[in-house]
Amino acid sequence: MSTTGLKRTLNLTQLTLYGLGTTVGAGIYALIGEIAASAGYLAPWSFLLAASLALLTAISFATLSGRHPRAAGMALFIQLGFGSRHIALAAGSLAILAGMVSSAALLNGFVGYAQEFVQIERGLLISAACLALGLIACWGIAESVWVASVVTLIEVSGLLWITVLCLQGTTLETALHQTPEFVPTQGADWGLIITGSVLAFYAYIGFEDMIEIAEEVKNPAKVMPAGILLTLLISTGIYMTLVTAALLATSPEYLATSTAPLTDLFRAVSSLDPAIFNVIGLFAIINGALIQIIMATRIIYGLAARGQFPAALATIAPRTQTPITATVLVTGAVLVLALVGQLAELAELTAIIILLLFAGVNFSLWRLEKRQAAVVYPLSFRRWVAPSARGAIGLAGGLVCLALVIHASLY
């Protein structure tokens, strides 16, 4: 095993852009239609409620990543909380599987967009894209995050662009006339909001990717918590303004009946060729696949460095200071999974796995606060949240995640 460590090179801006790249990703391109179908004009409230629920998990991740900024962070947090290396290894393995399957599913989605522009056989497109992402991940964390950050800025700019286009076509008189439809007035309305928030919660998943690069962040005790909370705040702002503008410009029925709601929304509010927006969607998808590859390799590296995986998987390339063996392994596995084909069911399973891991991290914080209330950690929310309250936040976050798992399993 190489004695070279990972390179601490990422600042708060880079970490936040990385977080936005994995959070504000391809999901919102499809989710907005489903949420509009569930909550109608009350969809902005669904995003706000989902953000409030996600905040519980964000606080748990921010607290623990500030205390223990290590690769394979989720597995480490769960090991510390439950005192079991076996549970931690299972959690880490599930997180690796979730990352690889998610990346493979995104590569399949990438093919559909790419074939609108180039007529290249599916297998060749997947292979070329996967190998290119593997090379970027091997190149270096600063370079990888730079690429991901540029793509993130493109996709966020696209969402802001379509928001502005929607608002430009909406007069003040129209907005005031529609305002009552956006306000919940009876108990049944809150039922719609809650149903929509279950779907909207998935648009906030991304914390698990951010913590896995903690060993490559400068001053992680301060930067990790700040980056996680900034990502949640910015994501919420983007989602709420976008869905409000979209509902003002069209209607819930229009968004709900579309298979590509944002592309159709762009078509409805702009005279430009919607292929322009398809390119942005393509970037969003490939960016998500890159981040999932990086995340999975850091979990493998972290577990190997702690002796829970073979030591060879912790090998660091001296020049790039990236986990080269783990990256090659993950890239190969993602390529095989992507070429297999039908991964829709596995993608759904990935969401359930991540929610179970979220529950494990939340419950770990709860258990740790009960045992270590007297220990002072940097930026652990001690200044404004008492230990018992932090534990309660972890417990509440864990119960929310389990409730979402039950909902996803039943429906």
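The following paragraphs describe the fold, the nonpolar core and selected residues of a predicted model. Residues are numbered from 1 along each chain as its sequence is written, and side-chain values use heavy atoms, with hydrogens and water left out. Local features require a pLDDT of at least 70 and side-chain atom pairs count only at pLDDT 80 or more, whereas totals for chains, interfaces and linings use all residues.

The mean pLDDT (the predictor's confidence in each residue, from 0 to 100) of the chain is 84, and 89% of the residues score at least 70. Among the elements of the chain, the highest mean value, 93, belongs to helix H15 (residues 324-340), and the lowest, 69, to helix H8 (residues 172-178). Over residues 374-384 the pLDDT stays under 50, and for this segment the model has 21 contacts (heavy atoms within 4.5 Å) beyond four places in sequence.

The chain comprises 17 helices and 0 strands, where helices (H or I, at least four residues) and strands (E, at least two) are DSSP runs numbered from the N terminus. Of its 411 residues, 57% are buried, a class defined by under 20% relative accessible area, with exposed meaning over 50% and partly exposed lying in between (1.4 Å probe, protein chains only). Of the contacts between residues at least 6 apart in sequence, 83% join residues at least 24 apart.

The largest nonpolar core (buried Ala, Val, Leu, Ile, Met, Phe, Trp, Tyr and Cys residues joined through side-chain atoms within 4.5 Å) has 130 residues, and Phe47, Leu107 and Phe110 have the most contacts inside it. Helix H14 (residues 275-305) contributes the largest share of this core, with 17 residues. Beyond its neighbours within four places in sequence, Phe110 is in contact with Leu125, Ala129, Leu282, Ile285 and Ile286.

Ser46 lies in helix H3 (residues 43-67) and counts as buried because its relative accessibility is 0%. Leaving aside neighbours within four places in sequence, the contacts of Ser46 are Ile35, Ala39, Leu192, Ile193, Gly196, Ser197 and Ala200. Of these partners, Ala200 is 154 residues from Ser46 in sequence, yet the C-alpha to C-alpha separation is 6.6 Å.

By contrast, Leu124, which is found in helix H6 (residues 122-139), is classed as exposed because its relative accessible area is 53%. The total exposed area of the chain is about 16,500 Å² (Shrake-Rupley method, 1.4 Å probe), of which carbon and sulfur atoms supply 68%.
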